[in-house]
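Take a moment with the sequence and the model below. Then follow the chain from its overall plan to its finer details.

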Amino acid sequence: MTFASGPPASSPAGPQASRLRSGAAAGRRRASRRDGSVPFIILALLLLTTSAFAQQSSITINDDLASWWRTGRMGLQYLLFKSGPLAVAAGHAAAFVRTRPESKRPDAQLYFINFSSAERGGKLHAHSGFTTSVSQCQVESRGSVHLRSADPAAPPSIRYNYLATENDRRVMVDGLKLLRRIADTPPMRDYVLDEYLPGPKVQSDADWLAFCRESGSTVFHPSSTCRMGTVVDERLRVKGVSGLRVIDASVMPSVPSGNINAAVLAVAEKGADLVRAR
Ligand SMILES: Cc1cc2nc3c(=O)[nH]c(=O)nc-3n(C[C@H](O)[C@H](O)[C@H](O)COP(=O)(O)OP(=O)(O)OC[C@H]3O[C@@H](n4cnc5c(N)ncnc54)[C@H](O)[C@@H]3O)c2cc1C
C-alpha cells in the first residue's frame, strides 16, 4: 500500500493524537577490510495510548499482559494452537509510502507494533498502547567504519553520521508527521486516547527534527560494510586475499529499502552456489 503525504487536513495534534519516539539507524559492528564510507538507515517510533481502559477490553498486547488471565490465555493459545498474539512478529503491519506525491517511489517505511514500552525490549507500559515507527528508504547520509590499529581485536571507529543531508532530514520529519496524521484519522483515531511520546509539544519541523535526533535509535538491518565491487568481487571473493569469501549482508552494494532478511537469504543461496562451483 502506498500513501502520499501532504499537509494535514486538520490540526495534526488534537487530543487524540499519538505519541512519538524517534530513532536513528543501523551500523554494522564490523570493520571493513579497508576504510570506506558506509550507508546507514534511520528509524523513528510513534507511541500511542489506546482507549482500551475506557472500554474495559483488550486492544493491544499491553492490555493482555496487564491481566493474568489474558496472559495465560495468550500463552495457552500459542502452546495449544500455535496462534494468537504470540504467533505474530512484533511488527504487525508495514507500509511503504511516498512522503511527497511527486516522489517517484516510496521513500519511507512505516511500521505498526501492537504494544508499547519505555525502551526497546523493556517492560511493556501498564497502560494500553501501541507503537508506530518510520524509517527512510534510499538514505543519502553516509557514515564510516575505520580501522583504528593493526590489532585485529581492536574495536573499529564507527561514525554513524545520521541525518547529514537535507533530503534525509526532510523524509524523517515528513514520515513522523504522516504517522501522527494516520493516528488522527479514522478508524485509528477511534482507538487513540492520547499521544504519549513526543506529545503535542512537538509541532514544528524543527521540533520534529530535534525529537528525531534525541530519541532516534538503530534498526536491525546493518549491511554494505564489505560491499561488492569495493571489498569483494562479483564472486564474493575478498579482493587481494586468496581463499576468503564474505557471504552475508555486508556484501550488499547498497542498503535495501526494506527489511533485509530475504535479501540475505538470496545472497546466501547464491554464495553457496559460487562456493560449490569453485
Ligand atoms: C532483533 C532483530 C530483528 C530482526 N527482524 C527482522 C525482520 O523482521 N525482518 C527482516 O527482514 N530482517 C530482520 N532482522 C535482520 C536480519 O535478521 C539480519 O539482517 C540477517 O540475519 C543478517 O544476516 P547475516 O548472515 O548477514 O548475519 P547474521 O545473521 O548476524 O549471521 C552471522 C553469523 O556469524 C556468526 N559469527 C559471528 N562471529 C563469528 C566468528 N568469529 N566465527 C564464526 N561465526 C561467527 C554468528 O554466530 C551468526 O550465526 C532482524 C535482526 C535482528 C537482530
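A residue counts as buried if 20 or more other C-beta atoms lie within 10 Å of its own, and as exposed if 12 or fewer do. V219 has 23 such neighbours within 10 Å, so V219 is buried. Where does V219 lie? V219 sits in the loop between α5 and α6. Its C-alpha atom is 8.4 Å from that of S135, although V219 and S135 are 84 residues apart in sequence.

Step back to the whole chain. This is a predicted model. The protein chain holds 6 helices and 9 strands. It has 278 residues, and buried ones make up 39% of them. Now take the contacts in the chain with a separation of 6 or more: residues 24 or more positions apart account for 70% of these.

S116 gives another example of a pair that is distant in sequence. S116 is found in the loop between β5 and β6. With 26 other C-beta atoms within 10 Å, S116 is buried. Its partner here is Y196, 80 residues away along the chain. The C-alpha atoms of S116 and Y196 are separated by 10.0 Å.

Next, the interior. In soluble globular proteins, nonpolar side chains tend to be buried together. The largest nonpolar core in this model has 25 residues. Which of its members touch the most others? They are M172, L176 and C212. Four elements each supply at least two residues of this core: β5 (108-113), β6 (129-136), α4 (166-183) and α5 (205-215). The largest share comes from α4, with 7 residues. Another core lies apart from this one. It has 12 residues, among them V231, V232, A249 and V267.

Look along α5 itself. W208, F211 and C212 are buried there. They cover an arc of only 100 degrees around the axis, which puts them on the same side of α5. A206 and E214 are on the other side of α5, and they are exposed. C212 also appears among the core residues that touch the most other members.

Now turn to the ligand. Which residues are around it? They are A89, F220, H221, D248, A249, N259, I260, N261 and V264. By type, this shell divides into 5 nonpolar, 3 polar and 1 charged. Why does the ligand lie between two domains? Domain 1 (19-221) and domain 2 (223-278) both give residues to the shell, so the ligand lies between them.

A249 links several parts of this picture. A249 is one of the residues around the ligand, and A249 is also in the core of 12 residues. From A249, move to A266, which is 17 residues away in sequence. Their C-alpha atoms are 9.9 Å apart in space. A266 is in helix α6, residues 261-276. Is A266 buried or exposed? With 11 C-beta neighbours inside 10 Å, A266 counts as exposed.

Finally, the backbone. Most residues other than glycine have a negative phi, and most peptide bonds are trans. Some places in this model depart from that pattern. K82 is not a glycine, yet its phi is positive, about 50 degrees. K82 lies in the loop between α3 (68-81) and β4 (91-97). With 9 C-beta neighbours inside 10 Å, K82 counts as exposed.

L163 also has a positive phi, of about 55 degrees, and is not a glycine. The loop between β8 (157-159) and α4 holds L163. What of its surroundings? L163 has 24 C-beta neighbours inside 10 Å, so L163 counts as buried.

Two peptide bonds deserve a look as well. The bond from P186 to P187 is cis, with omega near 5 degrees. P187 lies in the loop between α4 and β9 (192-197). The bond from L197 to P198 is cis too, with omega near 0 degrees. P198 is in the loop between β9 and α5.

Conventions:
Residues numbered from 1 in each chain as written. Core = buried A, V, L, I, M, F, W, Y, C linked by C-beta atoms within 7 Å. Near = placed C-beta within 6 Å. Nonpolar A, V, L, I, M, F, W, Y, C, P; charged D, E, K, R; others polar. Domains from an automatic or database assignment. Arc of directions from axis to C-beta. Contact = placed C-beta atoms within 7 Å.
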